[in-house]
Amino acid sequence: IKRERLNFIEQEAQKDLQLPKLAGRCLTTRFPPEPNGYLHIGHAKSICLNFGLAKKYGGRCNLRFDDTNPSKEEQEYVDSIQEDVRWLGYEWDELHYASDYFDQLYAWAVQLIKSGKAFVCDLTGEQVREYRGTLTSPGKPSPYRDRSVEENLELFEGMKSGEVADGARTLRAKIDMSAPNINLRDPVMYRVLRAHHHRTGDKWCIYPMYDWAHGQSDSLEGITHSICTLEFTDHRPLYDWFCENLEIYHPRQIEFARLNLSFTVMSKRKLLQLVKEKHVLGWDDPRMPTISGLRRRGYTAESLRNFCERIGVAKFFSTIDVGVLENAVRDHLNTTANRVMAVLDPIKVVLTNYPADQVEQLEAVNNPEDASAGTREVPFSRELYIERDDFMEDAPRKFFRLKPGGEVRLRYGYIIKCDEVIKDPATGEVTELHCSYDPETRSGSATATQRKVKGTIHWVSAPHALQAEVRLYDRLFLAENPEDAPEGKSFLDNLNTDSLQVVRGFVEPWLASAQPGERVQFERTGYFCVDSKDSQPDGLVFNRIVPLRDSWAK
Ligand code: ATP
Ligand code: MG
Ligand code: MG
């Protein structure tokens, strides 16, 4: 029997489900994005973890928009997040917005004031920071800490009803200014902020802080396991304090290490900067590590889920090689993508002994990994295109592709011999190869194997091929850790200025019916996807998902 290795969160969850506290509850998780940008591959990890756990244990998983920061949040982001979660293959049990809990949070804040556990403070943001102290020095209590319950209630009401200027007052929890954990030094719960909220409009001019909103939202939804990333470990005592002091249902926060990928930036703030400053063409630019970018590039949802499964869940910071992600999509497409022939840098071949008006249909295997994918016909004629670098004029002995006087097999077709090299007299550039074919060597025929040559190359029939724009993407950053920039430089200085190369090539006519988003393997080259935005039936556009082999591997 193959023993399944459970990640540490799953092990903890399994143990917790035996606790009397959770009796009658099913495992309940949530994915809580802030709608201030598009989701990226790091979020995919959190999605797979939260939705995956719920699915496996017959539990529930909610999608909750953590929309407590109105100045950065937009409906466009809300919509894209839902689309991305669904595309990854998950459906939430309930859809919530933290803003739906604003009334309840306000009532709970009043409750804490009444029990003497929260106070209105007139210190400015800067003063609050100053008074808070540091890791090595204790904090100093706010001079407003000992206001009476009545005064606090009145002032808090005033904050809510618009009597206070932005930033002039806050509501703070009264915990412990000498706590070793700075998060417990009377943290701010509410700030005054006049900003239009994408859902509550202008109803509120006070907004809850993350720590005050998050745990209480979890509690309201009956979340059993509130899974978050390691930065929140130090916030857990505060998470616990709020639940305990409100005497409400108390979920368990568990932290894991956020996903970092080499050659990639992952913070939404930086991704937004790439978009705004037009270093990329949008959030869904195929070079972006966003889910929408990866989708447009041609990544499958299954390959992203497999990737998340493969890398596991860690308790400590680490960086995953982006090659692991690329391998995940290679592995999936190897079994699912049809093979076709495409020539991206063409050179013309004329078969001088092939009848000018003859066309043959050759049978080609669609996917050697999947017999049910069947076969297709590929037209063959006197004029073909082959890849420029499959020919070499002064070739070394071990070059088994085409060279003057040499022979090569055309995939699914014949053995041809290069008789003459035609050059542009002005530039010396090779423009055409005149070759002869051996009619006895057609693939699949009885006599095909009588003669053997070492090399096989791909080709397309010139009069039948379709022109296509092919976008060859490379990594967006040249540095393994793009954020690691010298003094005075930023991650932008690590951008790869050659991350997109556009070429015009030729593809088999079979691709005329290819649908937007369809993925194929161009034989010997890589995996490609019909661009979902720009490709037209009479103007095909392909994105390179990944080359066949990792050209970056040493
Ligand atoms: P960013 O810094 O990119 O803006 P964030 O954590 O602020 O990320 P949220 O919208 O708050 O973004 O994230 C929603 C959920 O996704 C959170 O639970 C967060 O922990 C998780 N998450 C975000 N980035 C990663 C990552 N790189 N790896 C794993 N989980 C992540
Ligand atoms: Mg966040
Ligand atoms: Mg953020």
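Which residue in β7 does R191 stand opposite? The view of the β5-β6-β7 strands below gives the answer. The model is predicted throughout.

**View 1. Strands β5, β6 and β7 pair in the antiparallel sense.** Strand β5 covers residues 170–173 and strand β6 covers residues 188–192. They are joined over 3 bridges. L171 has Y190 of β6 as its bridge partner. On to β7, residues 206–208, there are again 3 bridges from β6, and these two strands run antiparallel. Here R191 stands opposite Y207, the β7 residue asked for above.

**View 2. Fifteen residues surround ligand 1, split evenly by class.** The shell holds 5 nonpolar, 5 polar and 5 charged residues. Of the 15, those that come nearest to the ligand are P33, G42, S46, R258 and K268. Two elements, α2 (41–56) and β8 (225–229), each supply at least two shell residues. Helix α2 gives the most, with 4 residues.

**View 3. A parallel sheet of 3 strands carries helix α2.** The sheet is open, and its order is β1-β2-β3. Its edge strands are β1 (28–31) and β3 (95–97), each pairing on one side only. From one strand to the next, the twist averages 35 degrees. Strand β1 is joined to β2 (residues 60–65) by 4 bridges, and the two run parallel. R30 finds its bridge partner in β2 at N62. Helix α2 packs on this sheet and touches both β1 and β2. The direction of α2 makes about 155 degrees with that of β1.

**View 4. Helix α2 also packs with helix α11.** Helix α11 spans residues 301–311. The packing angle is about 80 degrees, and the axes lie 9 Å apart. The two helices are therefore roughly perpendicular to each other. On the α2 side, the contact uses A44, K45 and C48. These meet L304, R305 and C308 in α11. By class, the contact residues divide into 4 nonpolar and 2 charged, with no polar residue. Helix α2 thus appears in three views: it lines ligand 1, packs on the parallel sheet and meets α11.

**View 5. Helices α4 and α7 pack with their axes 11 Å apart.** Helix α4 covers residues 102–114, and helix α7 covers residues 210–220. The angle between them is about 110 degrees. That makes α4 roughly perpendicular to α7. Q104, L105 and W108 are the α4 residues in the contact. Their counterparts in α7 are W212, A213, Q216 and L220. The contact has 5 nonpolar and 2 polar residues, and no charged ones.

**View 6. Seven strands form an open sheet with mixed pairing.** The strand order is β12-β25-β26-β27-β23-β24-β13. At the edges stand β12 (338–340) and β13 (342–343), each pairing on one side only. Strand β13 is joined to β24 (residues 500–507) by 2 bridges, and the two run antiparallel. Within this pairing, V343 has F506 of β24 as its bridge partner. Helix α12, residues 322–336, packs on the sheet. The strands it touches are β25 (519–522), β26 (526–530) and β27 (540–547). The direction of α12 makes about 115 degrees with that of β27.

**View 7. The domain assignment of the protein chain gives two domains.** Domain 1 runs over residues 8–256, and domain 2 over residues 346–457. Taken over C-alpha atoms, the centres of domain 1 and domain 2 are separated by 65 Å.

Technical notes
Residues numbered from 1 in each chain as written. Chains lettered and ligands numbered in written order. Predicted model: local features only at pLDDT ≥ 70, side-chain atom pairs only at ≥ 80, totals over all residues. Near = placed C-beta within 6 Å. Nonpolar A, V, L, I, M, F, W, Y, C, P; charged D, E, K, R; others polar. Domains from an automatic or database assignment. Pairing = 2+ DSSP bridges. Contact = placed C-beta atoms within 7 Å. Axes fitted to C-alpha atoms, helices over the stretch in contact; angles between N-to-C directions. Parallel < 35°, antiparallel > 145°, perpendicular 65-115°, else oblique.
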